[in-house]
Amino acid sequence: MGWVGRLFDARDSFARMVLLDLAGLGYLIFGPLGGDRPGVTQWVLAVIAFSLGLVLHRRPLVNLVVQTALLAVAIPLLDDITINQVGASWALLELTMRAEATRTIWLAAAGLAAVALTDSIGEPLPRFLAGVVGLLLEVGVPLLLGLVVRTTRELTAQAQQRAAEEQRRRESEARAARADERSAIARELHDVVAHHVASMVLRVGVARHVITDLDPRVDAVFGDVHATGTAALADLRRLVAVLRDPDAVRGDAALTAIEPSALPAALGAAVDRARQAGITVEADIDPAIGAIDAVRGLAVLRLTQEALTNVARHAGPSAVARLTVRMRDGAVHWEVVDDGRGPVPAPVPAGGGHGIPGMRERVEVLGGRLAAGPVEGTGWRVQTVLPAATEGVS
């Protein structure tokens, strides 16, 4: 809306009225050059106009009616009605900018014009025409300026609304694109990977039944392969379900889960892999972490693997990383911070994912917020709080 909108902001009507009253007071004190000094009646009408203008600055229609009435009183009593003319014109400007219905504006302008013309009725034609020209200044200018400000505000509001709608449309399209991508990945996982794993599990099962005189040790290996393949199939199905509907993980702990009691050992294995890559890892893992629900347990494991992978990738083998996993009031407080001192990247340990964006999505699915950023020096910190499991998640 620019400077026009700021100058005529509805919240600043009192300040504008004060400035207008000060200008009118200066006119009365110093007067037009060569003019007569204002009389008592002119002062009385001016003070009333000034005072009521301040009192009624938030009620433009009432103020216009009052100022127009004062102008009607001043016309037969005063030779110089400038103060009351300006007061009525300014009241019309304020009403034009702020009235809800345009009909009110035109009726008010017509009323002011009718009162102003009474000063020219019965005058000779030249003076009457001069009065009509003065009417254009007294009514036309404030009406035009008010309509300009009003239109500018409306156009600005429409532009802001269109921008907000465009932003919502882009966000909706982005969500739809992500959903389509997840569905495509889910279909590929199901159609390609799950098919081959299912085929391998089936063949192992057939082999165990066809070969009757298996060595017990071989049979145990076959059993382990069959159980592992079956578990892999279950995990794939869970992953496909999450990809198709990420919000489902909030209400179903069976999706993408890990046995809680196995979480401390899994975290230890992730730390060991990072150490094998040359990173110095200091781990502070709360033993109570083994009692959290399966969904958050897997999230903690994946976050740890990804964070340590990022340390290896970006900080190098001489970096020192500290992993902290704590339980507080049922919430999981997780943090990985490094000193970022490694000049050469180290071999990346297993378990890497999709970086900070992937970590953030995983955390947000569980109702948390991921914070990632630099620390003092050259280090980097990634941290989050996974809220306590809601009802329905175990």
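**Notes on a predicted model: helices, a mixed sheet and confidence**

1. Let's start with one residue: Val 66 lies in helix α4, which covers residues 60-77. This is a predicted model, so please read what follows with that in mind. Which residues does Val 66 touch, leaving aside its neighbours within four places in sequence? The answer is Leu 52 and Leu 56. Leu 52 is 14 residues away from Val 66 along the chain, and the C-alpha atoms of the two are separated by 7.8 Å.

2. Leu 52 falls within helix α3 (residues 40-55), so on to that helix and its partner, helix α2 (residues 13-30): their axes come within 9 Å and cross at roughly 170°. The two helices are therefore roughly antiparallel to each other. On the α2 side, the contact is made by Phe 14, Met 17, Val 18, Asp 21, Gly 24, Leu 25, Leu 28 and Ile 29. From α3 come Gln 42, Trp 43, Ala 46, Phe 50, Gly 53 and Leu 54. Sorted by class, the contact of α2 with α3 has ten nonpolar, three polar and one charged residues.

3. Next along the chain, have a look at helix α5 (residues 82-98) and helix α6 (residues 102-117). Their axes cross at roughly 170° and come within 10 Å, which makes α5 roughly antiparallel to α6. Here α5 brings Ala 88, Ser 89, Leu 92, Leu 95 and Thr 96 to the contact, while α6 brings Thr 104, Ile 105, Ala 108, Ala 109 and Leu 112. How many charged residues does the contact of α5 with α6 have? There are no charged ones; the classes are seven nonpolar and three polar.

4. Now the sheet. Five strands form it, in the order β1-β2-β3-β5-β4; it is open, and the pairing is mixed. Which strands stand at the edges? Those are β1 and β4 (370-374), each with a single partner strand, so one side of each is left without a neighbour in the sheet. On average, neighbouring strands are turned by 10° against each other, direction ignored.

5. The pairings show where the mix comes from. Strand β1 (residues 280-285) pairs with strand β2 (residues 320-328) in the parallel sense, over six bridges; in this pair, Val 281 has Ala 321 of β2 as its bridge partner. By contrast, β2 and strand β3 (residues 331-338) run antiparallel and are joined by eight bridges, with Arg 322 opposite Val 337 in β3. β4 and strand β5 (residues 380-386) also run antiparallel, joined by five bridges, and here Gly 373 stands opposite Arg 381 in β5.

6. One spot worth clicking on is the hairpin that β2 and β3 form, with two residues between the strands. Asp 329 is in the turn, and its phi is positive, at about 55°.

7. Helices pack against this sheet too. Helix α9 (residues 263-276) touches β1 and β2, and its direction makes about 165° with that of β1. Helix α11, meanwhile, lies across β3, β4 and β5 and runs at about 150° to β4.

8. α11 also has a helical partner. Helix α10 (residues 294-314) packs with α11 (residues 355-365) at an angle of about 165°, their axes 10 Å apart, and the two are therefore roughly antiparallel to each other. α10 passes α11 in a left-handed crossing. Leu 298, Ala 299, Arg 302, Leu 303, Glu 306, Ala 307 and Asn 310 of α10 meet Gly 355, Ile 356, Met 359, Arg 362 and Val 363 of α11. That set divides into seven nonpolar, two polar and three charged residues.

9. Finally, confidence. The average pLDDT of the chain is 78, and 81% of the residues score at least 70. Which element has the highest mean pLDDT, and which the lowest? β3 has the highest, at 93, and helix α1 (residues 2-7) the lowest, at 52. Two stretches call for a note. Over residues 249-256 pLDDT stays under 50, and the model has 29 contacts beyond four places in sequence for them. Residues 344-353 also stay under 50, with 27 such contacts in the model.

Methods:
Residues are numbered from 1 along each chain as its sequence is written. This is a predicted model: local features need pLDDT of at least 70, side-chain atom pairs count only at pLDDT 80 or more; totals for chains, interfaces and linings use all residues. Side-chain values use heavy atoms; hydrogens and water are left out. Axes are lines fitted to C-alpha atoms, for helices over the stretch in contact, and angles run from 0 to 180 degrees between N-to-C directions. Helices (H or I, at least four residues) and strands (E, at least two) are DSSP runs, numbered from the N terminus. Angles under 35 degrees count as roughly parallel, over 145 as roughly antiparallel, 65 to 115 as roughly perpendicular and the rest as oblique. A crossing is left-handed if the near helix is turned anticlockwise from the far one by less than a right angle, and right-handed if clockwise. Contact means heavy atoms within 4.5 Å. Ala, Val, Leu, Ile, Met, Phe, Trp, Tyr, Cys and Pro count as nonpolar, Asp, Glu, Lys and Arg as charged, and the others, Gly among them, as polar. Two strands pair if DSSP finds at least two bridges between them. pLDDT is the predictor's confidence in each residue, from 0 to 100.
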